Amino acid sequence: MNKKKLLSLLTLGLSASVLLAACGNESEEATSDADETASSTAVESSDTETSSDDFSVVMITDVGGVDDKSFNQSAWEGLTTWGEETGKAKGVGGYEYIQSDNEADFITNLTTGVNNGFDVVFGVGYILKDAMQETASNYPDTLFAIIDDQIEGENTTSVLFADNEAAFLAGVAAAKTTKTNHVGFVGGMEGVVIDRFEAGFYAGVKSVSEDIDVTVQYVGSFADAAQAKSIANGMYSSGVDIIYQAAGNGVFAEARDIVTADPEREIYVIGVDRDQQEEGKLTVDGEERDLTLTSTVKGVGVAAQEIANLAMNGEFPANEVQFLGLAEGGVSLTDGVLSEEAIAAVREAEQAIINGEIEVPETP
């Protein structure tokens, strides 16, 4: 891969992607428009004229959807920005997404992308790995890019993120903020990627104090908001006052419900993949509250945008893997509503990781 190009764009673009993520109304409008035209089994053609080279890209979601306010949405925002900047129209011949409702849709949706003539097919999420590898092998004339896992082939490229490094900073932030000395982690599905989140968060908490308890539970799905909400209820009821969630929006929903019912409760959620500040906002008794303590952010959309540009310019990073962490600007932690003391501790830990003074574990 043209590493300098990708890393430069990530470094410069990550702040912009965070700002975009915070603009909830704009992203909701974009995804609302997308919902009207996308299908899990077919892509509608667009009547709008595209740019002259007819280069096009399509994104296959995992089960979260492009309105998940997290991973998929970040990737879709990146490709939407790419489409707008290159004068493309949404649809065949430009940029599009295809929604996957379950894992059985992956092969069908990937094949649909190929059959509709898209030049690059993006797979967003590690659970698409096997389907991506199989489809890429079957269609060597189409380019495939996976985000959050690794596949092989001269028509493939892969992007991985050091989620454990950002999660470590989230652990430091939680440890510096908790008043109950009890924090939690709620994951979606167990696996290599979510292992990095759990391991980094746990290590970050313990780097501040061994006396802070960390409760870990998994939902078993990224799409079961009700189960995530139930798990969060149990954690908050047991004395946890901060939950780092990598499981969808159910944790936020439970935190909002708890504080609405009992405004005296001081609980927080740590967001994941994009700045989820908006998810934690609510008004109780005329007072605006912000339950998002901070968010770990990774440049998913920026990476997707740059891969699309490289491919369009004939510079597709064939059979290469990028692993992007704090040093490359691929992941970060927002300031959120952290105290000055917590921010200072986070920045100190961040620099120590970049300098190699702290080695963050990747497995729990």
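Start with the whole protein chain, coloured by secondary structure: 11 helices and 14 strands are present (DSSP runs numbered from the N terminus, helices being H or I of at least four residues and strands E of at least two). This is a predicted model, in which local features need pLDDT of at least 70 and side-chain atom pairs count only at pLDDT 80 or more, while totals for chains, interfaces and linings use all residues. Residues are numbered from 1 along each chain as its sequence is written, and side-chain values use heavy atoms, with hydrogens and water left out.

**Whole chain**

Switch to a surface view. The protein chain exposes about 14,500 Å², of which carbon and sulfur atoms supply 43% (Shrake-Rupley method, 1.4 Å probe). Of its 364 residues, 58% are buried (under 20% relative accessible area, 1.4 Å probe, protein chains only). Among contacts with a separation of 6 or more, 73% join residues 24 or more positions apart (a contact is heavy atoms within 4.5 Å).

**The largest core**

Next, select V57, M59, F122, I194, F201 and Y244. Within the largest nonpolar core, which has 82 residues, these touch the most other members (a core is a set of buried Ala, Val, Leu, Ile, Met, Phe, Trp, Tyr and Cys residues joined through side-chain atoms within 4.5 Å). Helix α6, residues 163–177, gives this core its largest share, nine residues. Nonpolar side chains tend to be buried together in soluble globular proteins.

Zoom in on F201. Not counting residues up to four places away in sequence, F201 touches A167, F168, A170, G171, A174, V183, G184, F185, V214, Y244 and I270.

**The second core and V251**

A separate core of 20 residues includes V219, Y236, V251 and V269. Select V251, in helix α9 (residues 250–261). V251 counts as buried because its relative accessibility is 0%. Beyond its neighbours within four places in sequence, V251 contacts V186, A228, A232, Y236, I243, Q245 and V269. For a distance label, pick the C-alpha atoms of V251 and Q227: they lie 9.2 Å apart, with the two positions 24 residues apart in sequence numbering.

**The largest pocket**

Now select D68, S70, F71, F222 and G248. Of the 26 residues lining the largest pocket, these are the closest to its centre (on a 1 Å grid over the protein atoms alone, a pocket is an open set of points with protein on both sides within 12 Å along at least five of seven lines, a cavity is a set where a 1.4 Å probe fits but cannot get out, and lining residues have an atom within 4 Å of a point). The pocket's volume is about 380 Å³ (the space filled by probe spheres set on the points, which are joined across faces, edges and corners).

Add α3 (71–85), α7 (192–208), β8 (242–246) and β9 (268–273), each of which supplies at least two lining residues. The largest share, three residues, comes from α7. The lining has 12 nonpolar, eight polar and six charged residues (Ala, Val, Leu, Ile, Met, Phe, Trp, Tyr, Cys and Pro count as nonpolar, Asp, Glu, Lys and Arg as charged, and the others, Gly among them, as polar).

**The cavities**

Two cavities of 30 Å³ or more remain to be visited. For the largest, of about 40 Å³, select T177, T178, K179, D241, I242, E266 and Y268. Its lining has two nonpolar, two polar and three charged residues.

For the second largest, of about 30 Å³, select D163, A166, F197, D273, T296, V297, K298 and V331. Strand β12 (292–298) and α6 each supply at least two of these, and β12 gives the most, three.

Terms used: Buried means under 20% relative accessible area, exposed over 50%, partly exposed in between (1.4 Å probe, protein chains only).
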